[in-house]
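Reader: Please give me a close look at one pocket and what surrounds it, with the cut-off behind each term that you use.

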Amino acid sequence: MAGHSRFFSGSGARNVCGIVGLFLKNPSLRPELGARLSEMLITMSDRGPDSAGIAIYGQSDSGKSKVTVQSANPADDFSALSNQLGPQLGKEFQIDINDTHAVLSVESSDVQFVKQAIQEQFSTLRIMSSGEAVEIYKEVGPPAEVVHRFGLNQMSGSHGIGHTRMATESAVTTLGAHPFSTGPDQCLVHNGSLSNHNNLRRQLRRAGIHFETENDTEVAAAYLSSRIDCGVSLGDALESALEDLDGFYTFVVSTRNGFGVLRDPIACKPAVLAETDDYVAFGSEYRALVALPNIKQATVWEPEPAIVYFWEH
Amino acid sequence: MATFDLAACPLRELNAELHRQAAIVREGGAAEQQWEILNPRGSHAVAVGVDAPLEITVRGNVGYYCGGMNQSGTIRIEGSAGPGLGENMMSGTISVSGNASQYAGATGRGGLLVINGNASSRCGISMKGIDILVRGNVGHMSAFLAQAGNLVVLGDAGDSLGDSIYEARVFVLGQVKSLGADCIKKEMRKEHIELLESLLTRAGISDMKASDFTRYGSARELYHFDVDRFDAY
């Protein structure tokens with residue numbers, strides 16, 4: 001450790017990406033979720049204007065699941081999907097088109113069939129997420145544009161996470177945008193950069209996990225999904241991430257009913273949590289939280305490094 | 001007292017106005033020296049680069065780099081501060097009633113920084129003469145590479161306190177989770193007790209006994225070249 005520069009300037013890595021999350025405890029706030037989360041994300045625009053995305057947990061119907069897909073050529077792709085998938089499934093299904101994204105509502109028992117059919121027959125479609133409640137919308141562009149494009153501020157739901165990106169690890173593309181989802185109703189946003197993602201991706205591929213990108217965050221998401229697939233809780237999966245993931249990270253993760261936050265042991269990447277009786281909110285900065293109801297009465301704190309924070313409905 | 005409302009006017013106008021008033025003070029003119037800042041709502045760079053004895057009260061939470069490069073100013077924050085509070089301050093006083101985020105007082109060359117809540121990681125990193133007093137706890141890697149000045153902690157310190165420290169002094173009343181490389185516990189001699197008493201007095205603290213603190217500083221084994229330790233470098 002000798003020979004440190006006398007001109008060391010202090011603080012190391014600074015702003016890269018902005019992340020937000022909102023977990024509602026009070027169901028009466030659900031109609032406002034999209035508007036609140038959108039406002040939080042737009043406030044974080046200057047942390048990264050490359051691309052933006054939101055995962056939102058909305059209405060779910062018993063026995064039904066949603067598959068969110070994206071296309072660069074939505075007019076042709078979605079009508080082809082609509083025409084071809086129905087006969088293959090042998091039953092009607094609902095498709096809600098929203099700009100470059102479409103949400104397919106199918107029987108939960110058909111999700112695997114539908115995903116496989118899309119992967120095999122529709123090479124220009126990308127699966128964003130699947131699950132009982134989650135829908136992911138993400139595109140290249142600053143948060144305000146992405147919010148407007150999909151009407152994210154009109155959406156309701158129980159919880160959601162969002163990200164605005166300053167790309168460092170892979171290309172500025174829709175697929176490189178966050179949130180990432182690698183398991184049913186499981187989503188993750190990340191501020192930071194992982195250093196062992198190539199090795200970990202190889203290990204996870206060997207275990208049969210499919211990757212869409214070369215992005216480091218997708219590896220973190222896939223890692224957590226693989227742990228959850230082994231039967232551990234999200235909280236325990238995050239605990240094991242502390243052992244197995246190397247690099248800088250502040251993660252905000254969500255499941256069907258859960259919401260978690262984890263920072264690496266060095267904790268360079270910023271994080272602020274706020275909690276009231278009505279909600280738990282996360283922001284890369286306090287600025288993201290200032291418009292939330294009763295924020296002045298909220299408990300506001302900086303999450304400790306290497307401590308798992310987790311809430312569940 | 002003049003009031004500036006950040007909900008009504010942009011931050012750049014605030015800092016430009018403070019710099020304008022500071023220039024008047026330096027030239028011996030009649031300046032508005034007392035300022036109240038409303039609705040900071042986590043804004044970055046509030047009251048940076050103040051270089052005259054203005055008295056500034058910020059009513060609310062601030063974001064990154066509040067009071068950075070402060071010279072002679074007295075800045076009070078009624079709330080909490082984001083990362084880089086008082087970074088590279090030269091002189092004057094900054095106080096915060098709540099908590100401060102990462103690297104408060106980083107690279108500071110002088111003046112007094114008082115944090116009434118907790119400071120998170122890397123408090124006083126690479127400090128070069130500033131005095132920092134924290135009523136609560138400090139996070140990991142505090143006083144990392146600290147070169148000169150004093151860090152006083154009334155609560156506990158996190159991991160790796162004073163890693164690779166040079167000639168700064170660290171005084172802790174509570175527990176230290178672990179010491180960093182080349183940082184050791186040191187004897188509290190008379191001159192240290194007198195120094196700490198004066199620091200506590202400057203920070204307005206009268207209910208603590210200087211002799212109850214533990215002093216930490218450099219073992220001076222890392223930064224003096226020693227050929228016998230070549231392998232360790």
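Author: The answer below starts with the pocket and then follows a helix of its lining outwards.

This is a predicted model, in which local features need pLDDT of at least 70 and side-chain atom pairs count only at pLDDT 80 or more, whereas totals for chains, interfaces and linings use all residues. Residues are numbered from 1 along each chain as written, chains are lettered from A and ligands numbered from 1 in written order, and side-chain values use heavy atoms, without hydrogens and water.

The second largest pocket (an open set of points on a 1 Å grid over the protein atoms alone where a 1.4 Å probe fits, with protein on both sides within 12 Å along at least five of seven lines) holds about 710 Å³ of space, the volume being that filled by probe spheres set on the points, which are joined across faces, edges and corners. It is lined by 28 residues, of which A:Lys115, A:Ser181, A:Thr182, A:Gly183 and A:His210 are the closest to its centre; a lining residue has an atom within 4 Å of a point. Two or more lining residues come from each of helix H3 (111-121), strand S6 (125-131), strand S9 (180-183) and helix H6 of chain A, where helices (H or I, at least four residues) and strands (E, at least two) are DSSP runs numbered from the N terminus. The lining of this pocket divides into eight nonpolar, 15 polar and five charged residues, with Ala, Val, Leu, Ile, Met, Phe, Trp, Tyr, Cys and Pro counted as nonpolar, Asp, Glu, Lys and Arg as charged, and the others, Gly among them, as polar.

Strand S9 of chain A also bounds the loop that starts after strand S8 (159-165) and contains A:Pro179, a residue joined to A:His178 by a cis peptide bond with omega of about 0 degrees.

Helix H6 (residues 216-229) of chain A, for its part, packs with helix H5 (residues 197-206) of chain A, their axes coming within 9 Å and crossing at roughly 45 degrees; axes are lines fitted to C-alpha atoms over the stretch in contact, and angles run from 0 to 180 degrees between N-to-C directions. H5(A) is therefore oblique to H6(A), oblique being what remains outside under 35, over 145 and 65 to 115 degrees. The contact (heavy atoms within 4.5 Å) joins A:His197, A:Leu200, A:Arg201 and A:Leu204 of H5(A) to A:Asp216, A:Val219, A:Ala222, A:Tyr223 and A:Ser226 of H6(A), and its residues are five nonpolar, two polar and two charged.
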